[in-house]
Structure formats: C-alpha cells, structure tokens
Amino acid sequence: MLIIELSYKKPIDVVERYLQGHRDFLTGCYEKNIFIASGPKIPRDGGVILSKASMSEAKQLIKEDPFYINEVADYRLIEFTPNKAAPDFKSVIE
C-alpha cells in the first residue's frame with residue numbers, strides 16, 4: 001500500500017488550471033479500484049492519496065496525472081504494509 005503525497009511547486013492559480021484534469025485522473029483510478037482515498041492537504045499546498053498500487057505501478061500511473069505532466073506538483077511515494085485497520089477498512093488491507 002502507498003501514501004502518495006503531492007506538494008505543489010506552482011502558485012495556486014496554476015494548480016486551479018489543471019485541477020479538473022487531475023480530478024478526472026483520480027476518478028479513473030478509483031474506477032480501476034487503485035485508489036482508496038484522496039484529498040487536499042491543510043494548508044492547501046498539495047494533496048494526499050492512499051493507494052493499493054505497488055511502487056512500480058504508482059510510478060507509472062502518476063505519469064498520467066495532469067499535475068505531473070504539467071510540472072504542477074512533486075510526488076513523494078511512501079510504501080507501507082498495513083497490519084491493523086479499523087473494522088470498516090479491514091477489506092482494504094486483506
């Protein structure tokens with residue numbers, strides 16, 4: 001499992017230009033059952049994605065994100081092995 005952290009490297013007005021495309025990218029990943037949760041960081045200087053992709057899959061996948069393509073954000077991929085989860089999330093780690 002991965003935590004994908006995005007950090008904006010462009011001003012928010014540039015981020016906004018590519019936001020719909022980024023959201024469409026996220027939707028596609030949810031439809032393929034790759035992403036579990038996502039949202040903006042607070043303060044809004046990037047975002048976080050929780051993903052079931054492997055490290056190699058994620059590295060390829062983010063190349064399709066308009067934020068990556070247009071150099072809007074940097075990506076940090078943190079791989080971990082979940083061994084505990086709240087009851088509602090048990091199916092995510094199995």
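In this predicted model, Pro43 sits in the loop that runs between strand 2 and strand 3 (46-51). This loop makes a good starting point for a tour of the backbone. The peptide bond leading from Ile42 into Pro43 is cis, with omega near 0°. Two further loops hold backbone angles that merit a look. Asn33 lies in the loop between helix 1 and strand 2, and its phi is near 65°, a positive value in a residue other than glycine. Glu71, in turn, is placed in the loop between helix 3 (66-69) and strand 4 (73-79). Although Glu71 is not a glycine, its phi is positive too, at about 55°.

Stepping back to the whole fold, the protein chain contains 4 helices and 4 strands. Read from the N terminus on, these elements follow the order β-α-β-β-α-α-β-α. The radius of gyration of the protein chain is 13 Å, close to the 12 Å that the globule rule gives for 94 residues, so the chain is as compact as a globular protein of that length. Along its principal axes, the C-alpha trace spans about 40 × 25 × 20 Å. Of the 94 residues in the protein chain, 33% are buried. Contacts also reach across the sequence: among those between residues at least 6 apart, 68% join residues at least 24 apart.

The outside of the protein chain can be described in a similar way. The chain exposes about 6,100 Å², and carbon and sulfur atoms supply 52% of that area. As for charge, there are 13 positive and 14 negative side chains. The centres of these two sets lie 3 Å apart.

Attention now turns to the aromatic rings. A pair of aromatic rings is described by the distance of the centres and the angle of the planes. The count for this model comes to 4 aromatic pairs. One of them joins Phe25 and Phe35, whose rings are 6.0 Å apart centre to centre with 75° between the planes, an edge-to-face arrangement. This pair links distant parts of the chain, since Phe25 belongs to helix 1 (residues 12-31) and Phe35 to strand 2 (residues 35-40), 10 residues apart. Phe25 has a relative accessible area of 9%, so it counts as buried. Phe35 is buried as well, because its relative accessible area is 4%, and the cut-off for a buried residue is under 20%. Phe35 also pairs with Tyr30: the ring centres are 6.1 Å apart and the planes meet at 85°, so this pair is edge-to-face. Tyr30 itself is partly exposed, with a relative accessible area of 31%. Taken together, Phe25, Tyr30 and Phe35 form one aromatic cluster.

A last stop is Ile93, which is found in helix 4 (residues 90-93). With a relative accessibility of 28%, Ile93 counts as partly exposed. Which residues does Ile93 touch, not counting those up to four places away in sequence? The list consists of Met1, Pro82, Asn83, Lys84 and Ala85. The contact with Met1 brings together residues that are 92 residues apart along the chain, and the C-alpha atoms of Ile93 and Met1 are separated by 8.3 Å.

Note on methods: Residues are numbered from 1 along each chain as its sequence is written. This is a predicted model: local features need pLDDT of at least 70, side-chain atom pairs count only at pLDDT 80 or more; totals for chains, interfaces and linings use all residues. Side-chain values use heavy atoms; hydrogens and water are left out. Rings of Phe, Tyr and Trp (its six-membered ring) pair if their centres lie within 6.5 Å; planes under 30 degrees apart count as stacked, over 60 as edge-to-face and the rest as tilted. Helices (H or I, at least four residues) and strands (E, at least two) are DSSP runs, numbered from the N terminus. Buried means under 20% relative accessible area, exposed over 50%, partly exposed in between (1.4 Å probe, protein chains only). Contact means heavy atoms within 4.5 Å. The radius of gyration is taken over C-alpha atoms; the globule rule is 2.2 Å times the number of residues to the power 0.38. Accessible areas come from the Shrake-Rupley method with a 1.4 Å probe; for residues, only the protein chains shown count as cover. Lys and Arg count as positive and Asp and Glu as negative; His and the chain ends are not counted. The place of a charge is taken as NZ of Lys, CZ of Arg, CG of Asp or CD of Glu.
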